Amino acid sequence: MEFRVLGPIEVIDEGRVVPLNAAKPRAVLAMLLLRANEFVPSDRLIDDLWDAAPPATAPKILQKYVSQLRKALGHEAIETGPAGYRLRLDPEGLDLLRFRRLAADGNGSEPEQVASTLREALALWRGEPLAEFSSQQWARAETVRLDDLRLDVLERRIDADLAAGRDRELIDELERLVAAHPLRERARGQLMLALYRCDRQGDALAAYRTARETSVRSLGLEPGPSLRDLERAILHQDPSLDCTTPRAPAHHARPPGLPTRPTSFIGRAHEMGDVRERLRAGDARCLTLTGPPGTGKTRLALEAAAGLDETFPDGVVFVELAPLREPGLVLATIARALGVREDPERQLAEIVASVLRDRRHLLVLDNFEQLLAAAPLLSALLADAGATRALVTSRAPLDIPEERIYAVPPLALPDMSRPSHVAALNEIEAVQLFVDRAQQARPDFALSDENVAAIAELCVRLDGLPLALELAAARVKLLTPSAILARLDGRLRLLKAVPGAGLPERHRTLRAAVDWSYELLPTDEQALFTSLGVFVGGFSLEGAAGVAGDLDMDVDDGLESLLNSSLLRVEPMFGGEPRFGMLETMREYALERLAERGDDDAVRRRHANVFLRLAEQAEPALLGPEQLRWLQQLDRERGNLRSALSWSAESGEAEIGLRIAAALWRFWQMRAADAEGRDHLERLLASEAGSRSSRALGQSRAASLALYQGDFGAVRRYIDASLPVHRELGDDWNVSSGLQLLTMTFLAEGDADRAFAAAEEALDVARRTKSATIEAYALANMGIVRAVQGQLDVAQHLIEQSLRSGRESGNLRSVANWTKALGGVAVMQTDYPRAGALFEESLAIYRTLDDPWGTLGSLTGLSLVALERHDDGTARHLLVETLELLRKSGHHFRVANSLEIAARLATVQARHGSAARMYAAANGFRGSMAVGMFECEAWPDPAPTIAELRSVLGECEFAAAWAEGMTMTFDESIAHALEIATAPP
């Protein structure tokens, strides 16, 4: 099977064009072909397909497109990986890969052979690539890249034809090329040379003047040095211009090869291939490998360069810059590496430039970060260096026009959410490196069932940094992997090279590697870096500014510098705002430096105040139209919120912690994290610190969380402590809230009379304070109590009063809440048409408010009504929508009822095992969260159906299905329920 992308997308199978008519699957195929034999992340495919605005169902749609392609291309053609897809093919089966191979082959010294090979490569182009996708951003970027690649090969072919003496044949082609690409100086120079060799000196000089006018008008720049030198040579009729074969280079000794690598090279196959391909293609004169300390930039550069002798026939030249501290020494160091002798009559820069111009070298410049002031010198050398290229390692970019950045990532890591198995972990790069280096230290060392889990965690804890892994592996002479792991909190002290390891000084300890980067920073940037260590799991620009304090610098500029120094990394954006983070190794170093600085508490107080502001902003917003966005933001900041709360409890700053924890109660409830929230509150309350109002509020919020855990004794203790304080402070809202909590507690304990009395007291508070909102809640709670008592008409009347109050006040959320509650009463009255209408009305309002929490409740009510009316098709449709929203919003509290809907549908489908698993999963969620006690939806008792399933399946099969369901995670239960809801009727 042959694939073609250098023109319209085509797939040819035994001479027949394979039909691929649908636009989106064709786009997916194009994206996979452009990264053939590489895994392309699903997230990237989705973002590109929908221009970074995908629908909620994008992952499922992408799976459908891939399935369509597999049907057309063969099931084995596209491989599914952990995070994406890979199109596997023979490199000769794709025109783009054949083009790149021929382009690399066309690097010889014989002009005729070079021209023939490059002509063969260019013949593969059948038209404009990706034209059918030209309206899409991803395709426009790829088209530019491919066109640049084609033009570079075309200009190389013209160079070969010029060297072979085809000057007259080339003039028309060059004039067309210059007209199409007026700013490409290389083509301009080729045209000038061809005209001059055809005895048209005046036309050649006119071509230069046109080039200059175009450059000045379009770019505001004079032509580059190559074009200016060519003009001078034409003016002086330099005899070298008449040559039709390359001039023999001046005699020089071939530079020494690359330094010996004392250890085997593990992993990095993708990165090494990528670096080599970029250097072979000649897309960039300077390719800079960046990354944090210890990430293996130098070793990757050496291994990649070792396979490029054919591309750079004059030699790969290694230039070690680490010992230098003066930028002025860089030129002399490059000259020595090239074997260039100094000439007192010529500038050294001129000599080096002339050597590079006449040769095809690859300069490997290692450790440029402390010599960035010398970057303009390298730029000047490369600007007129012909086919010579530079491969640079640096923890910071050089920031020169010729540079392209290649960020070297840490090694691939184990997935700690999966069990650790020897066979699977043997394929993980970080594990492979650790085991290889451990075997050098102790030849009998091996990955085994006993040590595999510890090694996997070691690799993750060390961020996949090769240097850290090598230093840790060297300790197996003394310590087992488990023992190394136990000591890892002091990793910067633990990880030292053993004597005789042959490492440079800056790599003999992990601390020294980070010191190297830290010491290059100005003082204020060092202070910013150490302060940022207090963040856990990343931070925003606003967060960074919040902890920075009174530094004499612009924080945005400081962050950019730390990013450039590879001490920070960019995290996925949230809400359109940039986000940053640190590898854990960098964070440990920053925290140690912060402790040395002596103002650790002051920085952590600023950090806690940043997240106090966030929590207090989020509390009311969780009932607003951007509920889902706020939930996601709090999810993203969980590490920071936990850190702030722990510091508050440990440092005696309970006031800040109590306010943060109290503000987060609704978030914890919505995320089924009641136990965590309550634990934080209890730790803070135990200190007996904080103001009376903050402590009372903390007790009230702890009571709310305890209620949803079913710990009714704790609810009463918390409310007994907080209610008198709220009354004394005149805090009517929290007085009413406490009474509502008592109402629900008494009701759950079976004491309906006390429950009704508490709700009546809340109503008295509302009428005394003339609060319509509190009154509506009190009346609704009274109605729920009467509903539980079976007084459905009274319940309906009371909740209708709440609804009336909500309509009069214009409070849409109250209207939606009490309309839904009335729907629950209607279900209890078996008035399903009325119940359905009420749930539909509440659903429409919740959707207007963009409130996933309320939306889920109404959708679940509608699903129940549909099942009770034997409308299974509607129930299935509603369940799919509910489950997708549950997965998106993460509202664990709402999942149990939906799983029971799925169980009932599975029972109708005679899928008895699935039904048992869903009932068990629902039972597990109810047991862990006291779910469903306070929803006025008259949820049917599942016990009879469960008993029937036990009978149909038999005790053994039922027990196995029930046990499987009880252990299902939230995501697993959603996936299983979706499979039931979407199965054919």
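Analyst: A salt bridge is a side-chain nitrogen of Lys or Arg within 4 Å of a carboxyl oxygen of Asp or Glu. The model we are looking at is predicted.

User: Thanks! How far apart are the closest N and O atoms of E470 and R437?

Analyst: Let's apply the cut-off, which is 4 Å. E470 and R437 form a salt bridge. Their closest N and O atoms are apart by 3.1 Å.

User: In which helix does R437 sit?

Analyst: This salt bridge between E470 and R437 links distant parts of the chain, 33 residues apart. E470 belongs to helix α19 (residues 466-473). R437 belongs to helix α17.

User: Is R437 buried or exposed?

Analyst: Its partner E470 is partly exposed, with a relative accessible area of 23%. A residue counts as buried under 20%. R437 has a relative accessibility of 7%, so R437 is buried.

User: How many residues apart in sequence are R26 and E132?

Analyst: R26 and E132 form a salt bridge, with 2.7 Å between the closest N and O atoms. R26 is in helix α1 (residues 23-34), while E132 is in the loop between α5 and α6. The pair therefore ties together parts of the chain whose separation in sequence is 106 residues.

User: What is the relative accessible area of E132?

Analyst: R26 counts as buried at 14% relative accessibility. E132 is partly exposed, and its relative accessible area is 40%.

User: Which residue forms a salt bridge with R767?

Analyst: R767 is partly exposed, at 46% relative accessible area. Its partner is also partly exposed, at 22%. The two side chains meet at 3.6 Å, N to O, and the partner is E775.

User: How many salt bridges does the whole structure have?

Analyst: Some salt bridges are joined up: E112, R119, R157, D161, R166 and E173 are linked in a network. A search of the whole structure gives a total of 67.

User: Why is helix α13 largely enclosed by the rest of the structure?

Analyst: Look at helix α13, residues 330-338, and count the residues under 20% relative accessible area. The buried ones are V330, L331, T333, I334, A335, A337 and L338. The helix is largely enclosed because the number of its nine residues that are buried is seven.

User: Which elements do the buried residues of α13 pack against?

Analyst: After α13 comes G339, which has a positive phi near 75 degrees. The buried residues of the helix itself pack against β8 (316-320), α14 (348-358), β9 (362-366) and α15 (375-383).

User: At roughly what angle do the axes of α42 and α43 cross?

Analyst: Helix α42 covers residues 872-889 and helix α43 covers residues 895-908. The crossing is left-handed. Their axes come within 10 Å and cross at roughly 145 degrees.

User: How many residues of the contact of α42 with α43 are nonpolar?

Analyst: On the α42 side, the contact includes L879, L883 and L886. On the α43 side, it includes I901, A902 and L905. Two residues of the contact are polar and two are charged, and the number that are nonpolar is nine.

User: How many disulfides does the structure hold?

Analyst: Two cysteines worth finding in the model are C198 and C459. C198 is buried at 6% relative accessibility, and C459 is buried at 0%. A disulfide needs a pair of cysteine sulfur atoms within 2.5 Å. The number of disulfides in the structure is zero.

Methods: Residues are numbered from 1 along each chain as its sequence is written. This is a predicted model: local features need pLDDT of at least 70, side-chain atom pairs count only at pLDDT 80 or more; totals for chains, interfaces and linings use all residues. Side-chain values use heavy atoms; hydrogens and water are left out. Axes are lines fitted to C-alpha atoms, for helices over the stretch in contact, and angles run from 0 to 180 degrees between N-to-C directions. Helices (H or I, at least four residues) and strands (E, at least two) are DSSP runs, numbered from the N terminus. A crossing is left-handed if the near helix is turned anticlockwise from the far one by less than a right angle, and right-handed if clockwise. Contact means heavy atoms within 4.5 Å. Ala, Val, Leu, Ile, Met, Phe, Trp, Tyr, Cys and Pro count as nonpolar, Asp, Glu, Lys and Arg as charged, and the others, Gly among them, as polar. Buried means under 20% relative accessible area, exposed over 50%, partly exposed in between (1.4 Å probe, protein chains only).
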